[in-house]
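Visitor: I would like to understand how the words used for a structure are justified. Could you take me through the reasoning step by step?

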Amino acid sequence: MELPSSENHHQQQQQQQHQNVVVMRHGDRKDNFEPLWVTTAERPWDPPLVEEGRVRAFCTGRKIRNQLGFPIHRVFVSPFVRCVETASQVVSALCALHDDPNNLTGDNVSIDPSKLKVSIEYGLCEMLNTEAIRPGLAPKDGNWGFNISELEGKFPAGTVDNTVEPVYKELPQWEETVPGARTRYAHIFQALADKYPTENLLLVTHGEGVGVAVSTFMKDTTVYTVEYCAYTELRRPIFHKDQSFTAGNFEVLTHNGKTGIEYIQNVKDDINGMS
């Protein structure tokens, strides 16, 4: 999506387009497959992906590229390493010069880095409470130790946009409430979309965040399953006039159970109907 150029500005006084935002969960995390990993890990609160997770992420990136019907312009990523490694694989799939079905990961895949740009966004991080971080695993000194330069080095060469100012300049406080985290997720989705209204976005976050992306924009919905690398697609109309824009509301285009997300709707109506 682009703003009208000066040449056709008068012919396109007001132009309607759509902005697409894909919100995706990370891939398979190591501590869920190797329970003893946390006993020796230097950063037990920040597990990487297992190999199956890398494969799942790359293949999901290929699916997004081939099935959604629009390009991704920007990718924003939680600083947790499982999300960074997931995004790295997805970006490789989205930017691949050749879509070879024999490739299962982004290793040794040639890419065109001009296709999109990647940035880390603290607002997409995991819920910082014991609902999400297992008891006793959070850093005792409160220092989560995210080295942004080191994390950016995990993305494919040439894809990082160092000019982007994050919406959230720092992590939430430890023991944020679940409602507080859900409010944060809803805010960051809206804020990033409003910051880049002419671009389609991919937001790589955590399971709770993906659930919020559905329940916030599909009223009376309860999400009960978000699988690894599950994603939801949001779309809204954008109306451009001169150099400003107005936006409609997001709608959820993801069908129940089709992309790893399961939910129920109109819970109150169903209960009332049974009484």
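Guide: Let us begin with a definition: a polar contact is a pair of N or O atoms within 3.5 Å, where, within protein, one must be able to donate a hydrogen and the other to accept it. Please keep in mind that this is a predicted model.

Visitor: What makes the pairing of Glu199 and Arg74 a polar contact?

Guide: The side chains of Glu199 and Arg74 are joined at 3.1 Å, and the cut-off is 3.5 Å, so the pair counts as a polar contact. Glu199 itself lies in the loop between α5 and β4.

Visitor: Is Glu199 called buried or exposed, and why?

Guide: Buried means under 20% relative accessible area; because Glu199 has 18%, it is called buried.

Visitor: How do you know that Cys83 is in no disulfide?

Guide: A disulfide needs two cysteine sulfur atoms within 2.5 Å, whereas the closest cysteine sulfur to that of Cys83, in Cys125, is 9.3 Å away, and is therefore too far for a bond. Cys229 is also in no disulfide, the sulfur of Cys59 being its nearest at 9.3 Å, and a search of the whole structure finds zero disulfides. Cys83 is buried, at 0% relative accessible area, and Cys229 counts as buried at 4%.

Visitor: Why are α2 and α3 called oblique to each other?

Guide: Their axes cross at roughly 40°, and angles under 35 degrees would count as roughly parallel while those from 65 to 115 would count as roughly perpendicular, so α2 and α3 are oblique. Their crossing is right-handed, and the residues that meet include Phe58 in α2 and Val90 in α3.

Methods. Residues are numbered from 1 along each chain as its sequence is written. This is a predicted model: local features need pLDDT of at least 70, side-chain atom pairs count only at pLDDT 80 or more; totals for chains, interfaces and linings use all residues. Side-chain values use heavy atoms; hydrogens and water are left out. Buried means under 20% relative accessible area, exposed over 50%, partly exposed in between (1.4 Å probe, protein chains only). Helices (H or I, at least four residues) and strands (E, at least two) are DSSP runs, numbered from the N terminus. Axes are lines fitted to C-alpha atoms, for helices over the stretch in contact, and angles run from 0 to 180 degrees between N-to-C directions. Angles under 35 degrees count as roughly parallel, over 145 as roughly antiparallel, 65 to 115 as roughly perpendicular and the rest as oblique. A crossing is left-handed if the near helix is turned anticlockwise from the far one by less than a right angle, and right-handed if clockwise. Contact means heavy atoms within 4.5 Å.
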